[in-house]
Number of protein chains: 2
Amino acid sequence: MLKYQQIAAEIEKYIEDHALQQGDKLPVLETLMAQFEVSKSTITKSLDLLERKGVVFQVRGSGIFVRRHKRKGYISLLSNQGFKKDLEDYKITSKVVELEVRIPTQEAAHNLNIGLDEEVYYVKRVRYIQEQTLCLEESYYNKSIVTYLNNEIVTESIFNYIKEGLGLKVGFSDVYLHVDKLNEEEAEYLGLKNGDPKLLVESVFHLTNGQPFNFSKVTYNYQQSQFFIQANSHFS
Amino acid sequence: MLKYQQIAAEIEKYIEDHALQQGDKLPVLETLMAQFEVSKSTITKSLDLLERKGVVFQVRGSGIFVRRHKRKGYISLLSNQGFKKDLEDYKITSKVVELEVRIPTQEAAHNLNIGLDEEVYYVKRVRYIQEQTLCLEESYYNKSIVTYLNNEIVTESIFNYIKEGLGLKVGFSDVYLHVDKLNEEEAEYLGLKNGDPKLLVESVFHLTNGQPFNFSKVTYNYQQSQFFIQANSHFS
DNA sequence: CATTATAATTGTACCGGTCTAATTTTTCAA
DNA sequence: TTGAAAAATTAGACCGGTACAATTATAATG
């Protein structure tokens, strides 16, 4: 782990351990430099990372302050590592409905940037939170990148396997959100009624080198799904 | 405008003007340094900014590449400057339903971090896209910060007025998303049916110094609302 | 010709510095 | 005591460098 990531993690841990609240002031840059025995630019990088994560905010001329979002149980739309981490206090389970090698749909082929005849792993599963249905997920993996999947992997964390098992490096993702009504089949899986609201989240995940390797469509149970984002003006 | 912002803007413009596509390679760092006559760290900062905006992605040992999301007409959940910019090709209008000084609801007071007796500006408006209802917005502004609003301002861009007119500096925001069913009143405003799906987006906007100045609840017409986010693994 | 080892390319981490701009604190005058 | 001016504090912009790691191109090898 890199220095600036390490330091960021330590500062975050410090904030949690000392239960610091929104607006509480952290030591000034110079103190942090001395404390961690690194240069200013390294500390700055750590703090920028924490700022993007929504952990702190920095005010020029004033100091570095703790930022805390007040609501718990929300799924971060930025984490891009699945939502396990956001909901670690809750019990998340999965039931695999389908897992097979297939030819992609036109939509999937387009999003994965492959031909209609190139094979993909198709995964369909229902995920539960505290025994209640959370979402229905359909996922397409470019088989030439994600070369192997089995039932066990798919029941656990696919992304973890992709990173640890296959040694692939996950880079960026595009996420699209829509609201619509559930159709018969989706309602069935989620234990809701036909025509009930749904949140459809479509994602395209890319490796660090820009190759898209996964396209997924996740239909959320509207009663269980709450999401959050922490935005920053100087990042837009 | 700062150097690194200026350069980022120029690079972005270059990409647009030359209609560069996903995966197209930009000049290497050293070339960019020479071209803009700045140090490496400045160019790096520009590129990091563009990376967070989802304009480029950088691959160590390889180069800097154009990143393009394929879908148009989506509202960015990260821009945090209203959605006018995302939908600039569409005609957005507003109808003000209500505008007055009030005592906040408990919810608003909590989110604005003020007492129940401190005054707020309450704004309720319906927004249209291409003559169709886009959303119903209820917004609370801390009156001790946003000291004045009138009908004209509220019909146009409130945030623009806050920045330009009042000279306030918008910092970060917390955004919460829920899906639910429309109630009678909301359905009425949006021209939909009671029980139809809705996307509820609650936001708390803060000044750069951390003070929350606005709490808003926006109910979107599910037929018109599509959102997107561009995420990055090394920012989480 | 395919494979492997080697070298060149290229972005990233990290250092340590100067200067600037926003904010806060202190000082001083009315 | 109040308010304005000056000084001190503090984060951020920007420079210019070295070392490193991932990737890609080239050369060597069988």
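Colleague: Which backbone atom sits by a phosphate oxygen of DNA strand C?
Modeller: A polar backbone atom of Lys3(A), at 2.6 Å from the phosphate oxygen. That is a polar contact, a pair of N or O atoms within 3.5 Å. Keep in mind that this is a predicted model, where local features need pLDDT of at least 70, side-chain atom pairs count only at pLDDT 80 or more, and totals for chains, interfaces and linings use all residues. Side-chain values use heavy atoms, without hydrogens and water.

Colleague: And what about Thr42(A) and DNA strand C?
Modeller: An N or O atom in the side chain of Thr42(A) is 2.4 Å from a phosphate oxygen of the strand. Arg60(A) has a polar side-chain atom 3.0 Å from a sugar or linking oxygen.

Colleague: How many residues surround DNA strand C?
Modeller: There are 23, and Lys3(A), Thr42(A), Lys45(A), Leu29(B) and Gln58(B) are the closest. Being near here means having a heavy atom within 4 Å of the strand.

Colleague: Which part of the strand faces the protein, sugar or phosphate, or bases?
Modeller: Of the strand's atoms within 4 Å of the protein, 77% are sugar or phosphate, and the rest are in bases.

Colleague: Which element gives the largest share of that surface near DNA strand C?
Modeller: H3(A), with four residues.

Colleague: New topic: how many disulfides over all chains?
Modeller: Zero, counting cysteine sulfur pairs within 2.5 Å.

Colleague: Is Cys135(A) buried or exposed?
Modeller: Cys135(A) is buried because its relative accessibility is 0%. Buried means under 20% relative accessible area, exposed over 50% and partly exposed in between, using a 1.4 Å probe and protein chains only. Cys135(B) is also buried, at 0%.

Technical notes: Residues are numbered from 1 along each chain as its sequence is written. Chains are lettered from A and ligands numbered from 1 in the order in which they are written. A polar contact is a pair of N or O atoms within 3.5 Å; within protein, one must be able to donate a hydrogen and the other to accept it, and residues adjacent in sequence count only if both atoms are side-chain atoms. Helices (H or I, at least four residues) and strands (E, at least two) are DSSP runs, numbered from the N terminus.
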